[in-house]
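Hi everyone, thanks for coming. Today I'd like to walk you through one small story in pieces, so please have a look at the sequence and the structure first.

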Amino acid sequence: MFVCICRAVTEDEVHEHCAAGADSADAIGERCGAGWGCGTCVDRLKEILGERTVVGSTAA
């Protein structure tokens, strides 16, 4: 599923960027451009980051 329509960035791609060290919406944007077009996807990017943080904190 697309997260960012402007840059055709999928949810899987966002997860890959997070796994590679992107820890903010801006960091994801620097890697693939998501959030730097119309900005509609920024909330979803932050949501994905939050989900990853919750998952990471329960695994520790």
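**A walk through the model**

Let's start in the middle: the largest nonpolar core has 14 residues, and those touching the most other members are Val3, Val14, Ile28, Ala34, Cys41 and Leu45. Two or more residues of this core come from each of strand E1 (2-4), helix H1 (11-19), helix H2 (25-32) and helix H3 (42-59). Please keep in mind that this is a predicted model.

Take leucine 45 as an example. Leaving out residues up to four places away in sequence, Leu45 touches Val3, Val14, Ala25, Ile28, Ala34 and Gly35.

Now to helix H1. Which residues of H1 are buried? They are Val14, His17 and Cys18. Looking down the axis of H1, you find these buried residues within an arc of 100 degrees, so they line one face of the helix. Turn to the face pointing away from that buried side, and you meet the exposed residues Asp12, Glu16 and Ala19.

Let's stay with histidine 17 in H1 for a moment. Is His17 buried or exposed? His17 counts as buried because its relative accessibility is 18%, and the cut-off for buried is under 20%. Beyond residues up to four places away in sequence, His17 touches Ala22, Arg31 and Cys32. Just after H1 comes glycine 21, which takes a positive phi of about 120 degrees.

Next, the cysteines. How many disulfides does the structure hold? Zero. As a reminder, a disulfide is a covalent bond between the sulfur atoms of two cysteines. Why is there no bond for cysteine 38? The closest cysteine sulfur to that of Cys38 is in cysteine 6, and the two are 3.7 Å apart, which is too far for a bond; the pair would have to be within 2.5 Å. Cysteine 41 gives a similar picture: the closest cysteine sulfur, in cysteine 4, is 3.9 Å away, so too far for a bond.

How accessible are these cysteines? Cys38 is exposed, with a relative accessibility of 55%. Cys41 is buried at 6%, and Cys6 is partly exposed at 46%.

Cysteine 6 deserves another look. You'll find Cys6 in the loop between E1 and strand E2 (9-10). Setting aside neighbours within four places in sequence, Cys6 is in contact with Gly37 and Cys38. Cys6 and glycine 35 are 29 residues apart in sequence, while their C-alpha atoms are 8.4 Å apart in space.

Finally, the charged residues. The structure holds three salt bridges, and Glu11, Arg44, Glu47 and Glu51 are linked in a network of them. In one of these, the side chains of glutamate 11 and arginine 44 meet at 3.2 Å, N to O. This pair links distant parts of the chain, with Glu11 in helix H1 and Arg44 in helix H3, 33 residues apart. Glutamate 47 also meets Arg44, at 2.5 Å, N to O. Glu47 and Arg44 are separated by about one helical turn, because they are three residues apart in helix H3. Here is the general idea: an α-helix has 3.6 residues a turn, so residues three or four places apart point the same way. Then there is glutamate 51, whose salt bridge with Arg44 has its closest N and O atoms 3.5 Å apart.

How accessible are these partners? Arg44 is partly exposed at 23%, Glu11 is partly exposed at 22%, Glu47 is partly exposed at 44%, and Glu51 is partly exposed at 37%.

Thanks for listening!

Methods
Residues are numbered from 1 along each chain as its sequence is written. This is a predicted model: local features need pLDDT of at least 70, side-chain atom pairs count only at pLDDT 80 or more; totals for chains, interfaces and linings use all residues. Side-chain values use heavy atoms; hydrogens and water are left out. A nonpolar core is a set of buried Ala, Val, Leu, Ile, Met, Phe, Trp, Tyr and Cys residues joined through side-chain atoms within 4.5 Å. Buried means under 20% relative accessible area, exposed over 50%, partly exposed in between (1.4 Å probe, protein chains only). Helices (H or I, at least four residues) and strands (E, at least two) are DSSP runs, numbered from the N terminus. Contact means heavy atoms within 4.5 Å. The arc is that of the directions from the helix axis to the C-beta atoms. A salt bridge is a side-chain nitrogen of Lys or Arg within 4 Å of a carboxyl oxygen of Asp or Glu.
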